[in-house]
Amino acid sequence: MKEISKIYVNSIKKINNNKEVYYSYKDNKEENIIPNKYDIQKKIDDLFRSNDFIYKKKCHIKTKYGENDYYIISRSYDYLLTINGERIYINNILEIN
């Protein structure tokens, strides 16, 4: 009977494939934030009732679509109006400072 040749096996020291490659879209914590509508409405009310609000107020607003600094000049039932004429809908606001 003919002998089968031996196969070369490389030594395996340490494998960390799962730790180096793992990625999940569910790890994004910002998507899971559910804002409290009462708190946001209260912050907006406090903004317009403050003594230093005369014509415009600079605010940092974080929405579902991004965050930016805006100059707020007025509000309607469901949106805030910026000095540029942009509408920021209150339902989309996650945080306002």
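Read along the sequence, the protein chain follows the pattern α-α-β-β-β-β-β. This amounts to 2 helices and 5 strands, in a model that is predicted. Of the 97 residues of the chain, 24% count as buried. The accessible surface comes to about 8800 Å², and carbon and sulfur atoms hold 50% of that area. Among contacts in the chain with a separation of 6 or more, 44% are accounted for by residues 24 or more positions apart.

The interior may be considered next. The largest nonpolar core has 14 residues, and those that touch the most other members are Ile44, Ile61, Ile72, Leu80 and Ile93. Two or more residues each are given to this core by helix H2 (37–49), strand S1 (57–63), strand S2 (66–75) and strand S5 (93–96). Helix H2 gives the most, with 4 residues.

Leu80 illustrates how these parts come together. Leaving aside neighbours within four places in sequence, Leu80 is in contact with Ile44, Phe48, Ile61, Ile72, Ser74, Arg75, Glu86, Arg87, Ile88, Ile90, Ile93 and Ile96. Among these partners are Ile44, Ile61, Ile72 and Ile93, which, like Leu80, belong to the core residues that touch the most other members.

Thr82 lies in strand S3, which spans residues 79–82. Thr82 has a relative accessible area of 3% and is therefore buried, the limit for that class being under 20%. Beyond its neighbours within four places in sequence, Thr82 is in contact with Tyr70, Tyr71, Ile72, Ile73 and Ile88. Ile72 is thus a contact of Thr82 and also a contact of Leu80; the same holds for Ile88, which appears among the contacts of Thr82 and those of Leu80.

The charged side chains provide a further set of links. A search of the whole structure finds 3 salt bridges. In one of them, the side chains of Asp45 and Arg75 meet at 2.5 Å, N to O. Because Asp45 lies in helix H2 and Arg75 in strand S2, this pair ties together parts that are 30 residues apart in sequence. Asp45 counts as buried, at 18% relative accessibility, whereas Arg75 is partly exposed, with a relative accessible area of 38%. Arg75 is also one of the residues in contact with Leu80.

Another salt bridge joins Lys42 and Asp46, whose closest N and O atoms are 3.3 Å apart. These two residues are 4 residues apart in helix H2, so about one helical turn separates them. Lys42 counts as partly exposed at 41% relative accessibility, and Asp46 likewise counts as partly exposed at 38%. The remaining salt bridge is formed by Asp52 with Lys57, with 2.7 Å between the closest N and O atoms. Asp52 has a relative accessibility of 47% and counts as partly exposed.

The surface also carries nonpolar side chains. Ile54, Tyr55, Tyr71 and Ile83 make a nonpolar surface patch of about 450 Å². Of these residues, Tyr71 has its place in strand S2. Tyr71 counts as partly exposed, at 37% relative accessibility, and is also in contact with the buried residue Thr82. Tyr71 therefore belongs to the patch with an accessibility over the 30% that patch membership requires.

How values were computed
Residues are numbered from 1 along each chain as its sequence is written. This is a predicted model: local features need pLDDT of at least 70, side-chain atom pairs count only at pLDDT 80 or more; totals for chains, interfaces and linings use all residues. Side-chain values use heavy atoms; hydrogens and water are left out. A nonpolar core is a set of buried Ala, Val, Leu, Ile, Met, Phe, Trp, Tyr and Cys residues joined through side-chain atoms within 4.5 Å. Buried means under 20% relative accessible area, exposed over 50%, partly exposed in between (1.4 Å probe, protein chains only). Contact means heavy atoms within 4.5 Å. A salt bridge is a side-chain nitrogen of Lys or Arg within 4 Å of a carboxyl oxygen of Asp or Glu. Patches are made of residues with over 30% relative accessible area and no salt bridge: like charges are joined within 9 Å, nonpolar side chains (Val, Leu, Ile, Met, Phe, Trp, Tyr) within 5 Å. Accessible areas come from the Shrake-Rupley method with a 1.4 Å probe; for residues, only the protein chains shown count as cover.
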